[in-house]
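Welcome, and thanks for taking a look at this one with us. Please have the sequence and the model open side by side as you read.

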Amino acid sequence: MNTTPASEPIRGATELPAVRENIELHTDDGFTLVGELSLPESGHIAATLVTLHPLPTAGGFMDSHIIRKAAARLPALADIAVLRFNFRGVTSPRGTSEGSFGEGELEAHDLAAAMDFVRERGLPNVWLLGWSFGTEVTLKYGLQHPITGAILLSPPLHRATADDVAAWAATERRLVAVIPELDDYLRPEEAAQRFASVPELEFVAVEGGKHLWVGETQTYRVLSEVVARLNPGVLPLPRTWPPEATPAL
């Protein structure tokens with residue numbers, strides 16, 4: 001008798017198998033942040049994704065949907081470890097991180113705490129994924145840490161200066177900007193000008209994309225762009241779970 005479970009479409013609320021651990025991060029200015037580490041069940045980690053969520057004062061937190069879905073899917077689909085956490089002063093179902101909103105300055109300590117944790121756990125091939133406000137923290141402070149690269153999702157470039165951007169030029173760290181065609185803050189034409197100081201930039205303009213990346217089509221595109229940098233050999237990402245077998249030629 002065939003006991004193989006039927007494949008089902010991966011949807012917004014789908015949570016695929018992973019080893020998940022509630023964690024705490026400790027900042028060098030004395031605060032405890034709450035978060036979660038999601039690891040591939042296989043034990044093989046091709047890369048590590050440290051996620052930095054959107055603006056806390058506009059409802060951003062570790063469960064902002066792209067970040068939640070990255071943690072829910074990528075360990076199983078792409079052998080990627082995903083670390084997500086609440087910036088200081090932010091509350092989610094996981095709990096509340098101590099401290100209060102730091103205007104994109106004090107959050108430098110939060111990123112440093114996450115990177116300390118990654119180092120202590122020995123997690124490999126570390127990338128940052130910043131979304132909106134998270135891109136500001138990434139651009140301003142990411143180069144202070146041993147990362148392979150950074151992915152900027154819907155960067156508004158409100159807090160990050162031209163000097164912050166230019167500092168990424170001629171480094172060994174890869175920089176990827178994923179710009180929605182219909183972004184509320186920074187659209188592809190302007191973004192190309194403002195990132196011109198980094199000729200090595202991998203620039204991705206997403207037709208029809210919006211700042212919040214709502215809907216499964218946009219989610220799939222974003223996660224595919226992430227995996228294309230961290231573990232491209234597993235692309236295309238399955239759209240069902242368990243993945244449907246590819247017919248033999």
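Below is a short tour of helix packing, the largest pocket and some backbone details.

Please keep in mind that this is a predicted model. Two helix pairs make a good starting point: H1 with H6, which cross at roughly 55°, and H2 with H3, which cross at roughly 80°. After those come the largest pocket, with a volume of about 320 Å³, and then the backbone, where a cis peptide bond leads into proline 236 and another into proline 242.

**Helices H1 and H6**

- Helix H1 covers residues 65–78 and helix H6 covers residues 216–230, and their axes come within 11 Å.
- With a crossing angle of roughly 55°, the two helices are therefore oblique to each other.
- The handedness of the H1 and H6 crossing is right-handed.
- On the H1 side, the contact is made by His65, Ile66, Lys69, Ala70, Arg73, Leu74 and Ala78, which meet Glu216, Thr219, Val222, Leu223, Val226 and Val227 of H6.
- Sorted by class, the residues of this H1 and H6 contact are 8 nonpolar, 2 polar and 3 charged.

**Helices H2 and H3**

- The axes of helix H2 (residues 107–121) and helix H3 (residues 133–141) come within 10 Å.
- Their angle of roughly 80° falls between 65 and 115 degrees, so H2 and H3 are roughly perpendicular to each other.
- Glu107, Ala108 and Leu111 are the H2 residues in this contact, and they meet Phe133, Val137 and Tyr141 of H3.
- The H2 and H3 contact has 5 nonpolar residues, no polar ones and 1 charged.

**The largest pocket**

- The volume of the largest pocket is about 320 Å³, and 18 residues line it.
- Nearest the centre of the largest pocket lie Pro54, Leu55, Ala58, Ser132 and His211.
- The pocket lining divides into 8 nonpolar, 7 polar and 3 charged residues.

**Backbone details worth a look**

- Serine 132, one of the residues nearest the pocket centre, has a positive phi, near 55°, although it is not a glycine.
- Serine 132 sits in the loop between strand S8 (126–131) and H3.
- Leucine 235 and proline 236 are joined by a cis peptide bond with omega near 0°, and proline 236 belongs to the loop between H6 and strand S12 (240–241).
- The bond from tryptophan 241 to proline 242 is also cis, with omega about -10°, and proline 242 is in the segment after S12.

Methods:
Residues numbered from 1 in each chain as written. Predicted model: local features only at pLDDT ≥ 70, side-chain atom pairs only at ≥ 80, totals over all residues. Heavy atoms only, no water. Axes fitted to C-alpha atoms, helices over the stretch in contact; angles between N-to-C directions. Helix = DSSP H or I, 4+ residues; strand = E, 2+ residues; numbered from the N terminus. Parallel < 35°, antiparallel > 145°, perpendicular 65-115°, else oblique. Left-handed = near helix turned anticlockwise from the far one by under 90°. Contact = heavy atoms within 4.5 Å. Nonpolar A, V, L, I, M, F, W, Y, C, P; charged D, E, K, R; others polar. 1 Å grid on protein atoms, 1.4 Å probe; cavity = no way out; pocket = protein on both sides within 12 Å on 5 of 7 lines; lining within 4 Å. Points joined across faces, edges and corners; volume = space filled by probe spheres on them.
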